[in-house]
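Student: I'm new to this one. Could you walk me through how its labels are decided?
Tutor: Sure, let's look at it together.

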Amino acid sequence: MPTQEKVRLSMQVTFSSIILCFCLFKLSNPNDSQSSALYWGGVTSVLAWWMPSPGGSSTSRDSTSVRADEVNVAQIEKIESVPPIESIPQMNGSQN
């Protein structure tokens, strides 16, 4: 693991630990029940950030993303084949 990635991971772990400890400390205070939703949101968002992606690894291109790219290319080609607005005849409302 290169040095830059180690530093980044250690900063992420440190920041996440600080946020989790702070939120859990504030949740342990029984007198402050009105803002508990705020601190539960902090806990769940940090945990969700560390959870793996439900689609699997984002570094490998699977067949789903390839198919999506093919659809995007087909849509772009379809849009590009539409004639420009200047070539479309204008309709006048004054015709009887």
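Student: How many disulfides does the structure hold, and how do you know?
Tutor: Zero. A disulfide takes a pair of cysteine sulfur atoms within 2.5 Å. For Cys21, the nearest cysteine sulfur is that of Cys23, 9.6 Å away, so Cys21 is in no disulfide. Cys23 is likewise in none, its nearest cysteine sulfur being that of Cys21.

By the way, this is a predicted model, where local features need pLDDT (the predictor's confidence in each residue, from 0 to 100) of at least 70, side-chain atom pairs need 80 or more, and totals for chains, interfaces and linings use all residues. Residues are numbered from 1 along each chain as its sequence is written, and side-chain values use heavy atoms, without hydrogens and water.

Student: Why is Cys21 called exposed?
Tutor: Exposed means over 50% relative accessible area, buried under 20%, and partly exposed in between (1.4 Å probe, protein chains only). Cys21 has 55%, so Cys21 is exposed.

Student: And Cys23, buried or exposed?
Tutor: Buried, because its relative accessibility is 5%.

Student: What makes the nonpolar surface patch?
Tutor: Leu9, Val13, Trp49 and Trp50 make it, at about 390 Å². Helix H1 (3–27) and helix H2 (36–50) each supply at least two of its residues, and Trp49 lies in H2.

Student: Where is confidence lowest in the protein chain?
Tutor: In helix H3 (residues 63–80), with a mean of 62, while H1 is highest at 91. The chain's mean pLDDT is 76, and 57% of its residues reach 70 or more. Where pLDDT is low, the predicted coordinates should not be read in detail.

How values were computed: Patches are made of residues with over 30% relative accessible area and no salt bridge: like charges are joined within 9 Å, nonpolar side chains (Val, Leu, Ile, Met, Phe, Trp, Tyr) within 5 Å. Accessible areas come from the Shrake-Rupley method with a 1.4 Å probe; for residues, only the protein chains shown count as cover. A salt bridge is a side-chain nitrogen of Lys or Arg within 4 Å of a carboxyl oxygen of Asp or Glu. Helices (H or I, at least four residues) and strands (E, at least two) are DSSP runs, numbered from the N terminus.
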